[in-house]
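Please look over the sequence and the model shown here before reading on. The briefing that follows takes the structure topic by topic, for a reader who has not met it before.

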Amino acid sequence: MSDLKPADQRIYFDHAATSWPKPPGVVDAVCRYMNEEGATAGRGAYRSARRAGELLLRTRIKLAGLIGLSADPMDSNCISFHSSGTAALNSAIDGLVRPNDCVVTTAADHNSVLRPLHRLANDRNVDLRIVTCDQTGLVKTEDVLNAAGSDADWVIITSASNVTGAIQPIEEIAEKLKAHRARLIVDAAQTLGAKSIDVTTGVDALAAPLHKCVGGPAGTAMLYLAPSLHDSIRPLIVGGTGTASESLVFPVHQPDAMESGNLNVPAIAGVEVAVDRILERGLDQIEQDNRRICDHLTTALPSAVGRWIRPLFAQLPTFSLVPFSLPPAETAAVLDSEYGIEVRSGYHCAALVHQALLTNETGTLRISASAETTEAEIETLCAALADL
């Protein structure tokens, strides 16, 4: 088996967890900021501190462009930085959901949504309604609307399954929810930087890590809040913001209200470079490349190795496998040790989707590529699976 693996081979198929390698210039931007600037933002009026603030503003404006907002700095104030997608989602969920609220979510969602809501169901008497998904992880719009009814306060849904790559009908849900009282919160962990997103069509809040499809360093994420929610959100963390420091009253204006403490400015310098690359390449081109990778994987992955779980018309190159010969964990270990191929096995921090996928006992072997995965890497993966 080891004949297939050169001594230094490392082939990465875990982009749904984090992207690697990072786009050209990202690591250099992080190191350059630490070596040449080093100041924190909003904590001084000297030149390097001002440049840190300018960097944050530029990056907010560019991220605003990725989600359908204008380049107006006022639009960029709707975007706050966070340490992870989980932190951003917790800030939104804990800050917006009130005692006795009714919340609709789905079985396809990540534990970053399900666990905070489970806790609020116990701590705040939240009426939690969980919509089922099909055997590819796809949720039906009508099921979400029926669950929301006339009394739901919030619908919180992932834009795409991190287990199967199934893209949820967010645009349709957003449009049809306008006839309901519920507000829409989207977890865009698997789609920001991979697909076009327009929050102006009816998305009230959107959270996403910036180290996955965007290509930034780990420890970075964003939260978009519609202006109508700025005054109602209750910050999860309070402390120093660099503004109104003489007062014990915490600032309520955005994004300061969501950004207590020092931000990870060196990592955000890397995010700016990563977003620049997306904007230069264009999301249309990235979507085309993703579909091409999906088509290649669909036709090349050997069917005899197990049961493949993926949408009928895959748009994101994230597929799951239930191997016939070895459990997913052992298959992943062999692929790593014998072939230098890195994939993820288990439940992928998605507690409920496995009931629909019929993978409760073992989880799945997840293969997640990127728009820049090469045909040679796919062929090597297929050869290793066939060899197994």
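**Briefing on the predicted model**

Asparagine 125 has a relative accessible area of 53%, and because exposed means over 50%, this residue counts as exposed. The structure is a predicted model, and the protein in it holds 12 helices and 13 strands. The points below begin with the protein as a whole and then turn to its sheets, its helices and some residues in its loops.

**The protein as a whole**

- For 388 residues, a compact globule would be expected to have a radius of gyration near 21 Å, and the protein, at 21 Å, agrees with that value.
- Taken along the principal axes, the box filled by the C-alpha atoms of the protein is roughly 65 × 55 × 35 Å.
- Among the 388 residues of the protein, 53% count as buried.
- Of the contacts in the protein with a separation of 6 or more, 68% are accounted for by residues 24 or more positions apart.

**The packing of helices α1 and α8**

- Helix α1, which covers residues 26–37, packs with helix α8, residues 265–281, at an angle of about 145 degrees, and the two axes are 8 Å apart.
- The crossing in which α1 passes α8 is right-handed.
- On the side of α1 the contact is made by Val26, Ala29, Val30, Tyr33 and Met34, while α8 contributes Val265, Pro266, Ala267, Ala269, Gly270, Val273 and Ala274.
- By character, the residues of this contact of α1 with α8 divide into 11 nonpolar and 1 polar, with no charged residue.

**The open sheet and helix α10**

- Four strands form an open sheet in the order β9-β10-β13-β12, and their pairing is antiparallel.
- The edges of this sheet are β9 (306–309) and β12 (344–346), each of which pairs on one side only.
- From one strand to the next, the twist of the sheet averages 25 degrees.
- Within the sheet, strand β10 (residues 318–323) and strand β13 (residues 364–368) run antiparallel and are joined by 4 bridges, and threonine 318 stands opposite serine 368 in β13.
- Helix α10, residues 328–339, packs on the sheet and touches β10, β12 and β13, with its direction making about 45 degrees with that of β13.

**Other paired strands**

- Strand β6 (residues 183–187) is largely enclosed by the rest of the structure, because 4 of its 5 residues are buried.
- The parallel partner of β6 described here is strand β5 (residues 154–158), and the two pair over 5 bridges, with isoleucine 157 standing opposite valine 186 in β6.
- In a regular strand, side chains alternate between the two faces of the sheet.
- In strand β2 (residues 79–82) both faces are covered, since Ile79 and Phe81 on one side and Ser80 and His82 on the other are all buried.
- Strand β2 runs antiparallel to β8, to which 4 bridges join it, and phenylalanine 81 stands opposite methionine 222 in β8.

**Residues in the loops: backbone features**

- Asparagine 125, found in the loop between α5 (111–123) and β4 (127–131), has a positive phi of about 55 degrees although it is not a glycine.
- Histidine 348 also has a positive phi, near 60 degrees, and is a residue other than glycine; its place is in the loop between β12 and α11 (353–357), and at 1% relative accessibility histidine 348 counts as buried.
- Tryptophan 20 and proline 21 are joined by a cis peptide bond with an omega of about -5 degrees, and proline 21 lies in the loop between β1 (11–12) and α1.
- A cis peptide bond also joins glutamine 254 and proline 255, where omega is about 5 degrees, and the place of proline 255 is in the loop between β8 and α8.

**Residues in the loops: buried positions and their contacts**

- Histidine 211, in the loop between β7 (205–209) and β8 (221–225), counts as buried at 14% relative accessibility.
- Apart from neighbours within four places in sequence, histidine 211 is in contact with Ala17, Thr18, Ser19, Lys22, Gly216, Pro217, Ala218 and Thr220.
- Proline 311, placed in the loop between β9 and β10, counts as buried at 13% relative accessibility.
- Not counting residues up to four places away in sequence, proline 311 touches Thr136, Thr164, Gly165 and Ala166.

Conventions. Residues numbered from 1 in each chain as written. Predicted model: local features only at pLDDT ≥ 70, side-chain atom pairs only at ≥ 80, totals over all residues. Heavy atoms only, no water. Axes fitted to C-alpha atoms, helices over the stretch in contact; angles between N-to-C directions. Left-handed = near helix turned anticlockwise from the far one by under 90°. Contact = heavy atoms within 4.5 Å. Nonpolar A, V, L, I, M, F, W, Y, C, P; charged D, E, K, R; others polar. Pairing = 2+ DSSP bridges. Rg over C-alpha atoms; globule rule 2.2 N^0.38 Å. Buried < 20%, exposed > 50% of the residue type's maximum accessible area, 1.4 Å probe, protein only.
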